[in-house]
Amino acid sequence: MKIYKYLHPESIRYEIEQSLRRLQTDYIDLYQTHWQESTTPIEDTMAELTKLKDEGKIRAIGVSNATVEQMKRYGAIDSDQEKYNMLHRKIEEQGNLDYCYENKIAVLAYSPLSQGLLTGKISPDRKYNEGDLRRNNPLFTPENINKVNSMLKEFEPIAEKHEVSVAQLVCAWTFNRKGITHLLCGARNRRQVIENAGAGSVQLSREDIDTINSIYSKYFEQ
């Protein structure tokens, strides 16, 4: 089965109506275009989203996996959801963070732990099943896993000072980045949900952040 990106107004209205029916609700708090496409003018997409907002069917409009230029064409959006973590900082280079900060647009960072790599719990000899997105990802080569784990090992004294795990420390660092307003952390069980939430209470000092940045630079900015 082929899946297409499609943001035509007619499709958007159909999908929102189906979602409201399935969720048995009158409105959705945040509705985002998840992947951008080139066959439908952004202005047409936004016009329909604005109508839905005016009708009270959605409360806020967001985008995901978008460039700054695309966000400018959307106009008055409320959020931008992007992949962002210590190892994937493309939106810093693209200017998303600065643009969203300057325009008071929320930034929802997904994959803040880089599919588990930044937890320090993945060993270099781990094997991935067919269909696992990590299977052919260069970040998950034994060499890179060793490098990441060595970096995370140097984070341990800071994590111990705050009485948190290394994963919580990494999330706290990510949340402290200028422009980031939310972290979307994956979890497989209740314990992981509680641990992820605990990162929100970590208060990093300027010295902590500078030390983490210095350690990171030693491994990934040479």
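## The largest pocket

The largest pocket is lined by 22 residues, and those that lie nearest its centre are Gln115, Gly116, Thr119, Gly186 and Gln192. The model you are looking at is a predicted one, and in it this pocket holds about 590 Å³ of space.

What kinds of residue make up the lining of the largest pocket? By class, seven are nonpolar, eight are polar and seven are charged. Helix 8 gives the most to this lining, with four residues.

## The second largest pocket

Let us turn to the next pocket. The second largest pocket has about 310 Å³ of space. Its lining has 16 residues, and Tyr6, Leu7, Glu15, Gln32 and His34 are the closest to its centre. Two elements give two or more residues each to this lining: helix 1 (9–23) and strand 1 (28–33).

Helix 1 provides the largest share of the lining of the second largest pocket, with five residues. Sorted by class, the lining of this pocket has eight nonpolar, five polar and three charged residues.

## An enclosed helix

Is helix 7 mostly buried or exposed? Nine of the 10 residues of this helix (residues 166–175) are buried, so the rest of the structure largely encloses it. The buried residues are Val166, Ala167, Gln168, Leu169, Val170, Cys171, Ala172, Trp173 and Thr174.

Which elements do these buried residues pack against? Their partners are helix 6 (142–162), strand 5 (182–184), helix 8 (190–198) and helix 9 (206–220).

## The nonpolar core and a buried serine

The largest nonpolar core has 58 residues, and the members that touch the most others are Met86, Leu118, Met151 and Phe155. Take Met86 as a starting point: leaving aside residues up to four places away in sequence, Met86 touches Leu118, Met151, Phe155, Val170, Trp173, Ile212 and Tyr216. Val170 and Trp173 are also among the buried residues of helix 7.

Another residue to find is Ser111, in the loop between strand 4 (106–110) and helix 6. Ser111 has a relative accessibility of 17%, so it counts as buried. With residues up to four places away in sequence not counted, Ser111 touches Lys83, Tyr84, Asn85 and Leu184.

## Salt bridges

How many salt bridges does the model have? The count comes to 16. One of them joins the side chains of Asp78 and Lys53, at 3.6 Å from N to O. This pair links distant parts of the chain, 25 residues apart: Asp78 is in the loop between helix 3 (68–74) and strand 3 (79–83), while Lys53 is in helix 2 (residues 42–54). Asp78 is partly exposed, with a relative accessible area of 30%, and Lys53 is partly exposed at 32% relative accessibility.

Helix 8 comes up again here, with a salt bridge between the side chains of Glu195 and Arg191 (3.6 Å, N to O). Both residues lie in helix 8, four residues apart, about one turn of the helix. An α-helix has 3.6 residues a turn, so residues three or four places apart point the same way. Glu195 is buried, with a relative accessible area of 17%, whereas Arg191 is partly exposed at 49%.

The side chains of Arg89 and Glu92 also meet in a salt bridge, at 3.2 Å from N to O. Arg89 is buried, with a relative accessible area of 15%, and Glu92 is partly exposed at 27% relative accessibility. Finally, salt bridges link Arg13, Glu17, Glu48, Glu55 and Lys57 in a network.

Key:
Residues are numbered from 1 along each chain as its sequence is written. This is a predicted model: local features need pLDDT of at least 70, side-chain atom pairs count only at pLDDT 80 or more; totals for chains, interfaces and linings use all residues. Side-chain values use heavy atoms; hydrogens and water are left out. Buried means under 20% relative accessible area, exposed over 50%, partly exposed in between (1.4 Å probe, protein chains only). Contact means heavy atoms within 4.5 Å. A nonpolar core is a set of buried Ala, Val, Leu, Ile, Met, Phe, Trp, Tyr and Cys residues joined through side-chain atoms within 4.5 Å. A salt bridge is a side-chain nitrogen of Lys or Arg within 4 Å of a carboxyl oxygen of Asp or Glu. On a 1 Å grid over the protein atoms alone, a cavity is a set of points where a 1.4 Å probe fits but cannot get out, and a pocket is an open set with protein on both sides within 12 Å along at least five of seven lines; lining residues have an atom within 4 Å of a point. Grid points are joined across faces, edges and corners, and a volume is the space filled by probe spheres set on the points. Ala, Val, Leu, Ile, Met, Phe, Trp, Tyr, Cys and Pro count as nonpolar, Asp, Glu, Lys and Arg as charged, and the others, Gly among them, as polar.
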